[in-house]
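Here is a quick briefing for anyone meeting this structure for the first time. Have a look at the sequence and the model, then read on.

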Amino acid sequence: MIKTDIKNLKNIEILDFDSNTIDELPNFVGDYTNLTNLSFQSNKITNIPDSLSKLTNLTILDIGGNPLKEIPTFIGNYEKLESLSMTN
């Protein structure tokens, strides 16, 4: 579980949760609208929260190595996305 201590980091641009055995992303990550790079590879995440649809400034998204049940359609709306990794 990700601590809510980081909830107020509104200006953060890069967030890396790689290899932490987390099983869910908290909804407040969607409030980090300045994020350009989000990586949560090699965890135990099965669902990507809808709140991440607000991350329209993402250029890099790495969701590989997670037992995701589905890939949300809103990822197709990330107009600035340059790199998407979904390896397993």
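What follows goes from the whole chain down to single residues.

Keep in mind that this is a predicted model. The protein chain has four strands and zero helices, so its radius of gyration is worth a look next: at 12 Å, it is close to the 12 Å that the globule rule gives for 88 residues, so the chain is as compact as a globular protein of that length.

**Overall layout**

- Reading from the N terminus, the elements of the protein chain come in the order β-β-β-β.
- Strand 1 covers residues 14–16 and strand 2 covers 37–39, while strand 3 covers 60–62.
- Measured out along the principal axes, the C-alpha atoms fill a box of roughly 30 × 30 × 20 Å.
- Take the contacts in the protein chain with a separation of 6 or more: 23% of them come from residues 24 or more positions apart.

**Surface and charge**

- The protein chain exposes about 5200 Å², and carbon and sulfur atoms supply 44% of that area.
- There are 7 positive and 12 negative charges on the protein chain.
- The mean positions of these two sets of charges lie 7 Å apart.

**The inside**

- Of the 88 residues in the protein chain, 38% count as buried.
- The largest nonpolar core has 20 residues.
- Which members of that core touch the most other members? They are V29, L35, L38, F40, L52, L61 and Y78.
- F40 deserves a second look: setting aside its neighbours within four places in sequence, F40 is in contact with F17, D18, L25, I45, I48, L52, L61, D62, I63, G64 and N66.
- Two of those contacts of F40, L52 and L61, also appear with F40 in the list of core residues that touch the most other members.

**Two residues with positive phi**

- T21 sits in the loop between strand 1 and strand 2.
- Its phi is near 55°, a positive value in a residue other than glycine.
- Is T21 buried or exposed? T21 is exposed, with a relative accessible area of 55%, and the cut-off for exposed is over 50%.
- S42 is found in the loop between strand 2 and strand 3.
- S42 is not a glycine either, yet its phi is positive, at about 60°.
- With 36% relative accessibility, S42 counts as partly exposed, a class that falls between the buried cut-off of under 20% and the exposed cut-off of over 50%.

Key
Residues are numbered from 1 along each chain as its sequence is written. This is a predicted model: local features need pLDDT of at least 70, side-chain atom pairs count only at pLDDT 80 or more; totals for chains, interfaces and linings use all residues. Side-chain values use heavy atoms; hydrogens and water are left out. The radius of gyration is taken over C-alpha atoms; the globule rule is 2.2 Å times the number of residues to the power 0.38. Buried means under 20% relative accessible area, exposed over 50%, partly exposed in between (1.4 Å probe, protein chains only). Contact means heavy atoms within 4.5 Å. Accessible areas come from the Shrake-Rupley method with a 1.4 Å probe; for residues, only the protein chains shown count as cover. Lys and Arg count as positive and Asp and Glu as negative; His and the chain ends are not counted. The place of a charge is taken as NZ of Lys, CZ of Arg, CG of Asp or CD of Glu. A nonpolar core is a set of buried Ala, Val, Leu, Ile, Met, Phe, Trp, Tyr and Cys residues joined through side-chain atoms within 4.5 Å.
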